[in-house]
Amino acid sequence: MGDKPFGAACSAVPTSGAGSFDGMAADPVATAASNNPVLSTLVTAVTEAGLGETLNTAKDITVFAPTNDAFAALDKKTLDAAMADPKGLLTTVLTNHVVEGRLSPDQVAGEHKTLSGKTITVAGSGEEFTVTPGDAKVVCGNVQTANATVYIIDKVLVPAM
């Protein structure tokens, strides 16, 4: 494993260009995500909430990035409510996916305070991790960007309100 990305969904990441692992490593996290077709819904939500610059200028963060399918599986009422309140609910949901520090796979398990002020728990080891709330599975982990380590997950981490 080492310093390489891992997980079944990593095969969906382009092998070359700006959206590839090498391309993402050169860009800050929001820019890197915008080049990855697996994360286009997340990028739309980040843009709507006005968080792109915040994420791109943050120093050493870990992002648990929900896939497009994760957003598609979210209850429509919840998604609509979040998108209708970009500076409130949407920002809270999105910042619930970001923690301070670049967490490697051997550091990611445990409780972490998110930028929303809530706590998420990562369980597992090696290449098998789940994140709660929501029991999201890491489907492609240890993706490096210029300022973040990204773990692509299969569910949106909606905090208890």
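**Exercise 1. Sort the residues that line the largest pocket into nonpolar, polar and charged.**

Solution. The classes come first: Ala, Val, Leu, Ile, Met, Phe, Trp, Tyr, Cys and Pro count as nonpolar, Asp, Glu, Lys and Arg as charged, and the others, Gly among them, as polar. With these classes, the lining of the largest pocket holds 18 nonpolar, 5 polar and no charged residues. The model is predicted: local features need pLDDT of at least 70, side-chain atom pairs count only at pLDDT 80 or more, and totals for chains, interfaces and linings use all residues. Residues are numbered from 1 along each chain as its sequence is written, and side-chain values use heavy atoms, with hydrogens and water left out.

**Exercise 2. State the volume of the largest pocket and locate its lining.**

Solution. On a 1 Å grid over the protein atoms alone, a pocket is an open set of points with protein on both sides within 12 Å along at least five of seven lines, a cavity is a set where a 1.4 Å probe fits but cannot get out, and lining residues have an atom within 4 Å of a point. Grid points are joined across faces, edges and corners, and a volume is the space filled by probe spheres set on the points.

- The volume of the largest pocket is about 230 Å³.
- Of its 23 lining residues, Ala30, Leu42, Val46, Leu55 and Val63 are the closest to the centre.
- Two or more lining residues come from each of α2 (29-34), α3 (40-49), α4 (52-57), β1 (61-66) and α7 (89-95). Helices (H or I, at least four residues) and strands (E, at least two) are DSSP runs, numbered from the N terminus.

**Exercise 3. Describe the second largest pocket by volume, residues and class.**

Solution. Its volume is about 170 Å³. The lining consists of Asp3, Lys4, Pro5, Phe21, Asp22, Ala25, Asn142, Val143 and Gln144. α1 (21-26) and β6 (136-144) are the elements that give two or more of these residues. By class there are 4 nonpolar, 2 polar and 3 charged residues.

**Exercise 4. Count the cavities of 30 Å³ or more and describe the largest cavity.**

Solution. The count is 1. About 60 Å³ of space lies in the largest cavity. Its lining is Phe71, Leu74, Thr78, Leu79, Ala82, Leu90, Val93, Leu94, Val156 and Val158, with at least two residues each from α6 (76-84) and α7. The lining divides into 9 nonpolar, 1 polar and no charged residues.

**Exercise 5. Work out how β1 is covered and which strands it joins.**

Solution. Buried means under 20% relative accessible area, exposed over 50%, and partly exposed in between (1.4 Å probe, protein chains only). In β1, 6 of 6 residues are buried. Ile61, Val63 and Ala65 point one way, and Thr62, Phe64 and Pro66 the other way.

Two strands pair if DSSP finds at least two bridges between them. β1 and β2 (residues 98-100) run antiparallel with 3 bridges, and Thr62 stands opposite Val99. β1 and β7 (residues 148-153) run parallel with 6 bridges, and Phe64 stands opposite Tyr151.

**Exercise 6. Find the cis peptide bond and the positive phi values at Asp60 and Asp135.**

Solution. The cis bond joins Thr132 and Pro133, with omega about 15°. Pro133 lies in the loop between β5 (128-132) and β6. Asp135 is found in the loop between β5 and β6; its phi is about 50°, and it is partly exposed at 46% relative accessible area. Asp60, in the loop between α4 and β1, has phi near 55° and is partly exposed at 32%.
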